[in-house]
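Let's take a walk through this protein together. Have the sequence and the 3D view open, and follow along from one part to the next.

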Amino acid sequence: MDHLIIKSPIDGYVVSRMVDPGDMCIPGKPLLTIEGGDVVKFQATVREGLAGIIKKGQKIQVYVDAIGKEITGDIREIIYSMDRTSRDFTIKIQLPNVKGLFPGMFGKAFIPTGWKETILIPEKSVQRVGQVEFVYCKENGKSVIRHIKTGKLYGEDIEILSGLNEGDILIIRE
């Protein structure tokens, strides 16, 4: 009995094997699934309300938890067949092959829905006592405490939802 060597037309990883050594092969039946090459496909489920915003070819940021990186990809396919219970649809995003990125990894796609202006301050300037958040500001040459409410974290900066105005001078204690 001769042995057969199967060569792949692309570089990649075997992600599933449909036959085992010794199995009979049937013409047309897939033997292996190989993923890899220069791109990785990311699939995301998107809520129905965003159907009018998303366009094929649009650039999308995808954050992959396992490698701690945000990667920019292009929407290559939109499958508008809605899930009947969740009212969601699927998009497929093509990502560049980044070191450490493998098929099947979990990630989050960030879909821009609009712009808003907000106040960002260094997160290290926020003081917390229990659930109370505050910062020190300079007013009339004196240090005063301003109670604030924070929102999302953007890198080392944090969004201010209330308590500060544009132009307020912070005192950052290190």
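**Salt bridges and cores**

A good place to begin is the salt bridge in which the side chains of E139 and R146 meet, 2.5 Å from N to O. Keep in mind as you look that this is a predicted model. E139 is partly exposed, because its relative accessibility of 31% falls between the 20% limit for buried and the 50% limit for exposed.

R146 has another partner to show you: its side chain also meets that of D168 in a salt bridge, at 2.7 Å from N to O. This pair links distant parts of the chain, as R146 sits in strand β11 (residues 142–154) and D168 in the loop between β12 (157–162) and β13 (169–171), 22 residues apart. D168 counts as partly exposed, with a relative accessible area of 28%.

Salt bridges with shared partners also join K59, D74 and R76 into one network. Within that network, D74 and K59 form a salt bridge whose closest N and O atoms are 2.8 Å apart. Because D74 belongs to strand β5 and K59 to strand β4, the pair ties together parts that are 15 residues apart in sequence. How exposed or buried is each partner? D74 is buried, at 17% relative accessible area, whereas K59 is exposed, at 56%. In total, the structure holds ten salt bridges.

Now turn to the nonpolar side chains. In soluble globular proteins, nonpolar side chains tend to be buried together. Here the largest nonpolar core has 19 residues, and I54, I91 and I93 are the ones that touch the most other members. Strands β3 (39–47), β4 (59–64), β5 (69–79) and β6 (88–96) each supply at least two residues of this core. To see the surroundings of I54, pick out V46, I75, I78, Y80, F89, I91 and I111, which I54 touches when residues up to four places away in sequence are not counted. Apart from this core lies another, of eight residues, with I121, V126, I148 and I158 among them.

For a last stop, find S162 in strand β12. S162 is partly exposed, at 37% relative accessibility. Leaving aside residues up to four places away in sequence, S162 touches H147, I148 and K149; I148 is one of the residues of the eight-residue core. If you then look for S81, you will find its C-alpha 41 Å from that of S162, with the two positions 81 residues apart in sequence numbering.

Note on methods
Residues are numbered from 1 along each chain as its sequence is written. This is a predicted model: local features need pLDDT of at least 70, side-chain atom pairs count only at pLDDT 80 or more; totals for chains, interfaces and linings use all residues. Side-chain values use heavy atoms; hydrogens and water are left out. A nonpolar core is a set of buried Ala, Val, Leu, Ile, Met, Phe, Trp, Tyr and Cys residues joined through side-chain atoms within 4.5 Å. Buried means under 20% relative accessible area, exposed over 50%, partly exposed in between (1.4 Å probe, protein chains only). Helices (H or I, at least four residues) and strands (E, at least two) are DSSP runs, numbered from the N terminus. Contact means heavy atoms within 4.5 Å. A salt bridge is a side-chain nitrogen of Lys or Arg within 4 Å of a carboxyl oxygen of Asp or Glu.
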